[in-house]
Amino acid sequence: MDERSDSPVRHGEYKVRDGKLVAVDVTIADGRIGTAHVFGDFFLEPDDALEDLNAALVGMPTTATSAELAAAITARLAARPDPVQLIGFDEEAVAIATRRALGHATSWSDLTFDVIAPVVLPPVMHVALDEVLPLEVVAGRRNPHFRIWDWDSPLVVIGSYQSLRNEIDAEGAAEHGIGVVRRITGGGAMFMEQGNCITYSLVVPTSLVEGLSFEQSYAYLDDWVMGALAEIGVRAHYVPLNDIASEQGKIGGAAQRRFAGGVLLHHVTMSYDIDADKMGEVLRIGKEKLSDKGTRSANKRVDPMRSQTGLAREQIIDGFLEFFRARYDTVGSTYTEDELARARELVETKFATQEWTARVP
């Protein structure tokens, strides 16, 4: 890092979700912020508080965390004799933009994504690939990536911490010939039959969500899909912690896993055309969970995208791919033979074993 007082200006930006753009230009001197200029399309009252935002950053170590930077800004504003209103942004947004200027955080524009269009595989292979591919990114053999699953056989994929017997009706699963696999992320069960839902995985550096809480990171990583859904006529919004819903009800849910090495897996499953009666015979959906969603039956919890859009599943998937490619820097890709081989090995040694699937009985 350049330690000279006349070091070049470094620029960072952060767009607040449902808010305003915050940008910060800094220079570095002796391991600290030498100068800082905060600007953007936000609102600030009184306007001379902008100088306090700048002053709060000057002198902070270049290694300061987002929390430390935000605390310095809060303390500076609190020391003023008059109250300050930050409208459309907050101290954390300034801190994140500053961390990006310092090179510690990443923005979408810094990344080139591999995009992997749907490849039909047994669904358990996609579960295994969600462990293989992030490690490829850690190793530097693959870019951050966006991929859409496709499969030709039924499977229930339960969350990493769910109880097998509490979630699955073993008799119902056997009657319908539906197996069960445990994934590496938390969250709830995914009832997967051919063509009944849309699932995608997004693997990014954790620096992309630098300074965000876990709850904020879910919404941030799926902000793009809200735009993609809007283009096909679905007015969607995020319901904390990890649900995506429309005016007609829940569409889907997300889950995450963070890997050592600075990589984050974020994946989402959205219902398209689910057989709710069959799902109710295979999954044990408790009354407390249903009441939490404001419904009385599992059937009413399923709000397929087919009924809201009138589009074929393939059209929705194509729309997602087109929107993602238009929004970010992308290159086309597919699974390598080595990645598929290691996924098959993981299926045999981990994901298809009773020891793993029943690790929470």
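1. The sheet. In this predicted model, eight strands make up an open sheet with mixed pairing, in the order β12-β13-β14-β15-β11-β7-β6-β16. Its edge strands are β12 (236-239) and β16 (329-333), each of which pairs on one side only. From one strand to the next the twist averages 25°.

2. The start of that order. Four bridges hold β12 and β13 (residues 243-246) together in the antiparallel sense. Two of the partnerships can be named: His237 is bridged to Ala245 of β13, and Val239 is bridged to Asp243 of β13. A hairpin of three residues joins β12 to β13. Leu241 is placed in the loop between these two strands, and the peptide bond leading from Pro240 to Leu241 is cis, with omega near 5°.

3. From β13 onward. β13 and β14 also run antiparallel, joined by four bridges, and they form a hairpin with two residues between them. Ile244 stands opposite Gly252 of β14.

4. The two sides of β13. Which residues of β13 point one way, and which the other? Asp243 and Ala245 point one way, Ile244 and Ser246 point the other way, and all are buried. In a regular strand, side chains alternate between the two faces of the sheet.

5. A helix over the sheet. Helix α4 (residues 123-138) lies across β6 (112-120), β7 (145-150), β11 (197-205), β14 (249-259) and β15 (263-271). The helix runs at about 170° to β7.

6. Aromatic pairs. How many aromatic pairs does the structure hold? There are 15 aromatic pairs. In one of them, Phe42 and Phe89, the ring centres are 4.1 Å apart and the planes are at 25°, so this pair counts as stacked. The pair links distant parts of the chain, 47 residues apart: Phe42 is in the loop between β3 (32-40) and β4 (43-45), and Phe89 is in the loop between β5 (85-87) and α3 (91-101). Both Phe42 and Phe89 are buried.

7. A tilted pair. The rings of Trp108 and Phe113 have centres 5.8 Å apart and planes at 35°. Why is this pair called tilted rather than stacked? Stacked planes must be under 30 degrees apart and edge-to-face planes over 60, so an angle of 35° falls in the tilted class. Trp108 has a relative accessible area of 12% and is buried; Phe113, at 0%, is buried as well.

8. The ring cluster. Trp108 and Phe113 belong to a cluster linked by ring pairs. Its other members are Tyr14, Phe146, Tyr200, Tyr220, Trp224, Phe320, Phe324 and Tyr328.

9. Charges over rings. Arg257 lies over the face of Phe259, at 4.9 Å from the ring centre. Lys350 lies over the face of Trp356, at 4.4 Å from the ring centre.

10. Thr185. This residue is in the loop between β9 (179-182) and β10 (190-192). Is Thr185 buried or exposed? Its relative accessibility is 0%, so Thr185 counts as buried. The side chain of Thr185 makes a polar contact of 2.7 Å with the side chain of His267. Leaving aside neighbours within four places in sequence, Thr185 is in contact with Gly159, Ser160, Ala255, Gln256, Arg257, Leu265 and His267. Arg257 has already appeared, over the face of Phe259.

11. Ser107. The loop between α3 and β6 holds Ser107, which is buried at 14% relative accessibility. The side chains of Ser107 and Ser109 make a polar contact (3.0 Å). Not counting residues up to four places away in sequence, Ser107 touches Arg100 and Leu208.

12. Backbone details. The peptide bond from Glu45 to Pro46 is cis, with omega near -10°. Pro46 is in the loop between β4 and α1 (49-57). Two aspartates have a positive phi, a value noted here in residues other than glycine: phi is near 60° for Asp18 and near 55° for Asp30. Asp18 is in the loop between β1 (10-15) and β2 (21-29), and Asp30 is in the loop between β2 and β3. Asp18 has a relative accessible area of 72% and is exposed. Asp30 is exposed too, with a relative accessible area of 65%.

Technical notes: Residues are numbered from 1 along each chain as its sequence is written. This is a predicted model: local features need pLDDT of at least 70, side-chain atom pairs count only at pLDDT 80 or more; totals for chains, interfaces and linings use all residues. Side-chain values use heavy atoms; hydrogens and water are left out. Rings of Phe, Tyr and Trp (its six-membered ring) pair if their centres lie within 6.5 Å; planes under 30 degrees apart count as stacked, over 60 as edge-to-face and the rest as tilted. Buried means under 20% relative accessible area, exposed over 50%, partly exposed in between (1.4 Å probe, protein chains only). A charge sits over a ring if NZ of Lys or CZ of Arg is within 6 Å of the ring centre and within 35 degrees of the ring normal. Two strands pair if DSSP finds at least two bridges between them. Axes are lines fitted to C-alpha atoms, for helices over the stretch in contact, and angles run from 0 to 180 degrees between N-to-C directions. Contact means heavy atoms within 4.5 Å. A polar contact is a pair of N or O atoms within 3.5 Å; within protein, one must be able to donate a hydrogen and the other to accept it, and residues adjacent in sequence count only if both atoms are side-chain atoms.
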